[in-house]
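User: I would like a close look at one part of this protein, namely the open sheet and the helix that lies across it. Please describe that part in connected prose and then place it within the whole chain.

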Amino acid sequence: MSGVTLKVLHGADRGKVFGDLIPPFTVGREEVNDIQLNDERVSRCHFKIQRDNDRLVLTDLDSTNGTKVNGVEYPLKILRSGDLISVGRSLMLVGSEEEIAQRLAALGSENPTMSREMSSSESSVALELSQEKSPFQMDIASVREIPSIPDNLSPGQKAQLCEILDFLQHRLCKLVETAKIDETSQSVTLKLSSWQRLLGVQARLGEMHRKIADPDWDGE
């Protein structure tokens, strides 16, 4: 049976990818854990992931701030590829790109959509992350100005930057095309597959950001 992949989408460890994790393993703030998170709101030993036959089970280890899966706090929860685990200020995506793609394919062509009413325990990747403060909320002071393109780029660096922008633009365009807009309720609904692609883009951006900041980083 293959190992487990966890990607950190938000928090001090944003961009880190923990692959081929063999359950059981623990996640927490201290070094004794298999995954150590640099997050003061994460408990010393926060949660454990183990296998029960063919199921992947998350158990909260009596943490101070609790463990949320897809925005809902659970002491015990079966995990599926594409689920979001929220602890402290950290947000993690479960599964590799291949595993998430397989799950979406198994759902069939009648792909469920993500909506604010989505509350079933069988559903994954809820849009509403009911934390005290959403990890996607940023200080408005940090986003007042659009970042400028670096000066004095070499032709090769310009080409690399254009490739990154083309990648982002292509992915975002595809997402915009699949969104359903309800003007009456002023809401937008995405298919689960589109939402997962958006999470994939965010994970890739986090990896790029960490690699730029630390060129010696190898993804661990």
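Analyst: A contact here means that heavy atoms lie within 4.5 Å, and the angle between two elements is taken between their N-to-C directions, on a scale from 0 to 180 degrees. With these terms in hand, the helix can be described. The model is a predicted one. In it, helix 3, which spans residues 192-213, lies across strand 1 (4-10), strand 2, strand 10 and strand 11. Helix 3 runs at about 75 degrees to strand 1.

The strands beneath this description belong to an open sheet. Six strands form the sheet, in the order 2-1-11-10-7-8, and their pairing is antiparallel. Strand 2 (17-21) and strand 8 (72-73) are the edge strands, as each of them pairs on one side only. In general, the strands of a sheet pair through backbone hydrogen bonds, in either a parallel or an antiparallel manner.

One pairing within the sheet may serve as an example. Strand 10 (residues 84-87) and strand 11 (residues 90-94) run antiparallel and are joined by 4 bridges. Ile 85 has Met 92 of strand 11 as its bridge partner.

The segment before strand 1 contains Gly 3. Is this residue buried or exposed? Gly 3 counts as buried because its relative accessibility is 11%, and the cut-off for buried is under 20%. Leaving aside residues up to four places away in sequence, Gly 3 touches Asp 20, Leu 21, Ile 22, Arg 51 and Glu 99. Gly 3 and Gly 19 are 16 residues apart along the chain, and their C-alpha atoms are separated by 7.0 Å.

Arg 51 leads to another set of paired strands, for strand 5 covers residues 47-52. Strand 3 and strand 5 pair in the antiparallel sense over 3 bridges, and Phe 25 has Ile 49 of strand 5 as its bridge partner. Strand 5 also runs antiparallel to strand 6 (residues 55-60), to which 6 bridges join it. Within this pairing, the bridge partner of Gln 50 is Val 57 in strand 6. Strand 5 and strand 6 form a hairpin with 2 residues between them. In the turn, Asn 53 has a positive phi of about 60 degrees.

The whole chain gives the setting for these parts. The protein has 3 helices and 14 strands, and 37% of its 220 residues are buried. Of the contacts between residues at least 6 apart in sequence, 46% join residues at least 24 apart. The exposed area is about 13600 Å², of which carbon and sulfur atoms supply 49%.

Two cysteines may be mentioned as well. Cys 162 counts as partly exposed because its relative accessibility is 43%. Cys 173 is also partly exposed, with a relative accessible area of 38%. The count of disulfides in the protein comes to 0.

Finally, the confidence of the prediction should be considered. The mean pLDDT of the protein is 82, and 81% of the residues reach 70 or more. Among the elements, strand 3 (residues 25-28) has the highest mean pLDDT, 98, and strand 12 (residues 113-114) the lowest, 52. Over residues 114-144 the pLDDT is below 50, although this stretch has 54 contacts in the model beyond near neighbours in sequence. Where pLDDT is low, the predicted coordinates should not be read in detail.

Notes:
Residues are numbered from 1 along each chain as its sequence is written. This is a predicted model: local features need pLDDT of at least 70, side-chain atom pairs count only at pLDDT 80 or more; totals for chains, interfaces and linings use all residues. Side-chain values use heavy atoms; hydrogens and water are left out. pLDDT is the predictor's confidence in each residue, from 0 to 100. Two strands pair if DSSP finds at least two bridges between them. Buried means under 20% relative accessible area, exposed over 50%, partly exposed in between (1.4 Å probe, protein chains only). Accessible areas come from the Shrake-Rupley method with a 1.4 Å probe; for residues, only the protein chains shown count as cover. A disulfide is a pair of cysteine sulfur atoms within 2.5 Å.
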